[in-house]
Every structure is written in C-alpha cells, then in structure tokens.
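Colleague: Before we look at anything in detail, could you take me through the reading of a model, one feature after another?
Modeller: Gladly; let us open the file and begin with the backbone.

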Amino acid sequence: MPSLCCGQMSLGFVFLCRKPHCLTVIRQRLKFKDTMRRVVRQSKFRHVFGQAVKNDQCYDDIRVSRVTWDSSFCAVNPRFVAIIVDASGGGAFLVLPLHKTGRIDKSYPTVCGHTGPVLDIDWCPHNDQVIASGSEDCTVMVWQIPENGLTLSLTEPVVVLEGHSKRVGIVAWHPTARNVLLSAGCDNAIIIWNVGTGEALINLDDMHVDMIYNVSWNRNGSLICTASKDKKVRVIDPRKQEIVAEKEKTHEGARPMRAIFLADGNIFTTGFSRMSERQLALWNPKNMEEPIALHEMDTSNGVLLPFYDPDTNIIYLCGKGDSSIRYFEITDESPYVHYLNTFSSKEPQRGMGFMPKRGLDVNKCEIARFFKLHERKCEPIIMTVPRKSDLFQDDLYPDTAGPEAALEAEEWFEGKNADPLLISLKHGYIPGKNRDLKVVKKNILDNKPAGNKKSDLINAPKKAADASNPQNDAKLDEILKELKSIKDTISNQDERISKLEQQMAKIAD
C-alpha cells in the first residue's frame, strides 16, 4: 500500500506524517480554525429570542392614525400604552392601561383636545401619568392621565404650550430634569419648555434651514443631536445655543434620516445611500470627518426607526412598512456595530412603541418589549434571552434609569447636569404613586410695561404703608406656618400610602 501523507484519507482516518511541509500545512489549518473561532464573537445577546404574544393579549379594533408622518405613533411606559388614532374633527390618541387587552370598544374615551391631527406623543420619564403631544394645530399639550386610566374623554390639558408657527412633529422629555420638554416643528425651530411654569425658555430658531427629522437628548441631557432634511447631523448645546459639531451629507440619499445619542456619547444614524440603499452608521461627535462604522442593509423604502437600550448597548431597527425588527450590539471592537439577529412576522408595522427597562418582566429574562402597530391592532412583541436558571440575571439587568428626576427644571436651565438616578430591578419594579403635575404660570401682570406714572406715584406711599403694617406681617407669618404644616402632613401621608401599596403588592405576589 502506498504511504499516505497529511491530508490524505483512508477508511475515514487521517494519517499524519512528520515531513516539514506537512507540519506547516497542519499549523496553517490550526491557525485558520483559531481565526474562525474568534470571528464568531462571544456575546450573551447572540441568541435573543423574539415572540409575538397570543391574540387575546393584543389590543384589537384600534383605528391607527393614517397621517403621513414618520413618527412611531405609539408610546408606552410601565402603566399605559398610548396610540395615535384617526379622529374626525381634530386629533386624538388612545391611552390604555397595559392590562386592558382584547377588543377596544369604539366608544372608548380618548385624549382629544387638539384641533388638528396628533403627530407625536411621549411619556414623561419621571411621571407615568403625564404625557405630551405635538399636533398639526401648532401646539404642544401636556396631559395628566388618571391613575386607573380614562373613564371619560380628556379634552382639557394641564397646559398648552404655544410658540411654534407650523405643525409640531416632535416632542421629547428631558431624560434627567423634571418638567423640561423639547418640541420641534416644521417651522425648523426647536423650543425647550419649562412645563412647570408653561414658559418657553430656549428657542433655537436659527440653526436649521430645513425640516428637522428627529431630535435626541444625550444620556445626561446636556446636549441634543438632530437630523435634518439638509442631510446634516448637528450636535447642539441648547443652553449655550451653539452648534458643537456638524456633519454634512451624513447619508447621501434624499429620504429621511434618524440620529440618536448612545450612552458613551457617540451618535448612531440611519439613512439612505445615493442608490437608495438603507444605511446605518456610527459617529464620534469629536471627529465627524469619517464614520467609525458604516453598513449598507437593503433597498427598502421604509424609514428605519432606531430604538436604543443603554443598559445592554443594543439597537433595534424597525422600518416603517417592514415586517421585521433587526437588532445590533454596539461594542468597542471592530466592526463596532455587530448584527445579532432579525425578528420577522407576516404583517408590516405602521408604528412601534418601546417599553422602558423598568416595565419588563425580569423573571422571564425579558430584555425588550415592543408594541407593534398594525392597521387595526397593537401587538406586543417580547424579546428574551433564554436562561436555564430561575435566579435574577445580573448581567442582563444592570441598574437602570429610575422614575425619579435627578434635577429640577430650574437647576438644569441654570447650567447644572446630572446622570439618571439608577434603580435595581432585582426584585422587579413596582410603580409608585405619582405626584400630580402642577403648572404655576408666572403672572404676566408682573411684567407689564410702565403705565401711568403719576397714578403709580400717588399709590406708592399707600403701598409702602400697607407693607410696613406690623399686623399684616404677623398675619402673613401665621398663614405661612399653617401652609408649611399642611404640606408636611400631606408629604407624610404620601409616604405612608406608598409603603402600604408596596406591602399590598408583596402580599399579592
């Protein structure tokens, strides 16, 4: 029998010889196998499993809005799901408690104070009962939803914010400061409001020459990034009212782009190439000459809406009109944007809601939950990482942003910054009692122009005499003490109620 050399086979066995060239071949093959092993990147999110819920857990018979606007049309939090719907004679959206699944009656109450179609909605991250809406009627409205949901249609907002001259297509709450709301309109202006006083405190009306497609806050709310129809992505310091960084032709295609901040300060964008291929890119705002990564995906027309989870560094891309959700992990290793998998279904999506981390079921290793809008229904889709253990998975659930604001609005407008206040999900998240949104509008009479100076001079001594009256001073002190006492009592009762609710929830579990 002729002698067999390395790589030749006889009866299923490989006979290895010790000739130098054969040893080289063996080393090369082992090196190639080792390289291939390293190409298959280690990640705990490689096997994210997506599943749509059963039909009886969907929200059925909903007339989802047909407005041709590229927003998500849906906003969710641990208590409610809100969906923009078709409405005759104005704009409206549904607010449903999460447990209110099944067929939704046509007479179910809506939030319907706008006189034009609603284009965008956003839940306040610091109060699960407060939601903002932007509309074609050029206004932004902020609403307080009753704790158990609507029993009657809501027509009176807590506050109406007027300042835009064209339709308002974007509303976004500040991630860490209470009562700070951003709105952007088709007048190419961005306005930042103090909702607590109903005032527009920052107006960025000269930074965009064309329509703004989207606006995103960074992690601590010190910067915003915008994507515009002029194909530019801008990084803006809103309080200094200056552009910090700018990139022309981020994506060369003419169709709408999106740009969002990541937790590390980089910017992730989606758009179209000159050949109408959908693209995604990663940018460093300190050097925007070239992207860190740029990938082409497919040639579909749908605008890619990015949803980002800062805890796991996963980005989910939901194309309008697509029937799939693609997800990618962002890391420090090349190629930086790593494709993980695709969740596919039969029906195309008209919009999408994304649940905050504190609204997920940690006992089922759920890392994301989407609310997919069809033409006539809303279908929850649950993303899980299968694990054999029933114990809490610390690596899947690092501490996440909680509902407590790190700053008050006034502090942020004065120049302070703060990262989100984090909470642990080890024992799940139980929504606490939210305090009502109170709007104290500043008295416009305080800012009135100087009027009849003669009458002012006549009244001045009288006012001075009144102010110096010791009886009045004593009475004022008495009232202030009583007010403080009542406030302290209310605060103590709120804490007591909150503790009792937590005890009830534990007993129920």
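Modeller: K231 is a good place to start in this predicted model, and K231 lies in the loop between β19 (224–228) and β20 (233–237).

Colleague: What is the sign of phi at K231, a residue other than glycine?

Modeller: The general idea is that most residues other than glycine have a negative phi, and that most peptide bonds are trans. In K231, however, phi is positive, with a value near 70 degrees, and this lysine counts as partly exposed because its relative accessibility is 25%. K249 also has a positive phi, in this case near 50 degrees, and K249 sits in the loop between β21 (242–247) and β22 (258–261); with a relative accessible area of 52%, K249 is exposed.

Colleague: And which two residues are joined by a cis peptide bond?

Modeller: The cis bond joins S334 and P335, with omega at about 5 degrees, and P335 belongs to the loop between β28 (324–330) and β29 (337–344).

Colleague: Those strands bring me to sheets: in what order do the strands of the open four-stranded sheet run, and how are they paired?

Modeller: The order is β26-β27-β28-β29, with antiparallel pairing. The edges are formed by β26 (304–309) and β29, each of which pairs on one side only, and neighbouring strands of this sheet are turned against each other by 25 degrees on average, with direction ignored. To look at one pairing in detail, β26 and β27 (residues 314–319) are antiparallel over six bridges, and within this pairing P306 has L317 of β27 as its bridge partner.

Colleague: Is strand β32 (residues 377–384) largely enclosed or open, and why?

Modeller: Strand β32 is largely enclosed by the rest of the structure, because seven of its eight residues are buried. Its pairings can be followed one at a time: β31 and β32 are antiparallel over seven bridges, with R369 bridged to I382 of β32, and a hairpin of three residues connects β31 to β32. Strand β3 (residues 49–52) also pairs with β32 in the antiparallel sense, over four bridges, where F49 stands opposite T384. Strand β4 (residues 59–60) pairs with β32 as well, again antiparallel, over two bridges, and there Y59 stands opposite C378.

Colleague: How should I read the nonpolar core, and which residues have the most contacts inside the largest one?

Modeller: As a general idea, nonpolar side chains tend to be buried together in soluble globular proteins. Here the largest nonpolar core has 36 residues, and those with the most contacts inside it are I62, V81, I83, F93, V95, I145 and F371. At least two residues of this core come from each of β5 (74–76), β6 (80–85), β7 (91–97), β10 (118–123), β12 (139–144) and β31 (366–373), and β6 gives the most, with six residues.

Colleague: What does F371 touch, once residues up to four places away in sequence are set aside?

Modeller: The residues touched by F371 include Y59, C74, V76, V81 and L98, and also M352, M355 and C378. Apart from the largest core lies another, of 26 residues, among them V303, F370, M383 and L425.

Colleague: Is R358 buried or exposed, and which side chain does R358 join through a polar contact?

Modeller: R358 counts as buried because its relative accessibility is 6%, and R358 lies in the loop between β30 (351–354) and β31. A polar contact of 3.0 Å joins its side chain to that of D128. Beyond its neighbours within four places in sequence, R358 is in contact with residues including P78, P125, A401, P403, L425 and Y429.

Colleague: Finally, where does UniProt place the "coiled-coil region"?

Modeller: The unreviewed UniProt entry places this feature at residues 476–503. In the model, that span is 100% helix and 0% strand, and its end C-alpha atoms lie 41 Å apart. E495, in helix α4 (residues 470–508), is partly exposed, with a relative accessible area of 47%. The C-alpha atoms of E495 and K433 are separated by 9.2 Å, although these residues are 62 residues apart along the chain.

Conventions
Residues are numbered from 1 along each chain as its sequence is written. This is a predicted model: local features need pLDDT of at least 70, side-chain atom pairs count only at pLDDT 80 or more; totals for chains, interfaces and linings use all residues. Side-chain values use heavy atoms; hydrogens and water are left out. Buried means under 20% relative accessible area, exposed over 50%, partly exposed in between (1.4 Å probe, protein chains only). A nonpolar core is a set of buried Ala, Val, Leu, Ile, Met, Phe, Trp, Tyr and Cys residues joined through side-chain atoms within 4.5 Å. Contact means heavy atoms within 4.5 Å. UniProt positions are given in the numbering used here, feature names are shortened, and annotations may be inferred rather than shown by experiment. A polar contact is a pair of N or O atoms within 3.5 Å; within protein, one must be able to donate a hydrogen and the other to accept it, and residues adjacent in sequence count only if both atoms are side-chain atoms. Two strands pair if DSSP finds at least two bridges between them. Axes are lines fitted to C-alpha atoms, for helices over the stretch in contact, and angles run from 0 to 180 degrees between N-to-C directions.
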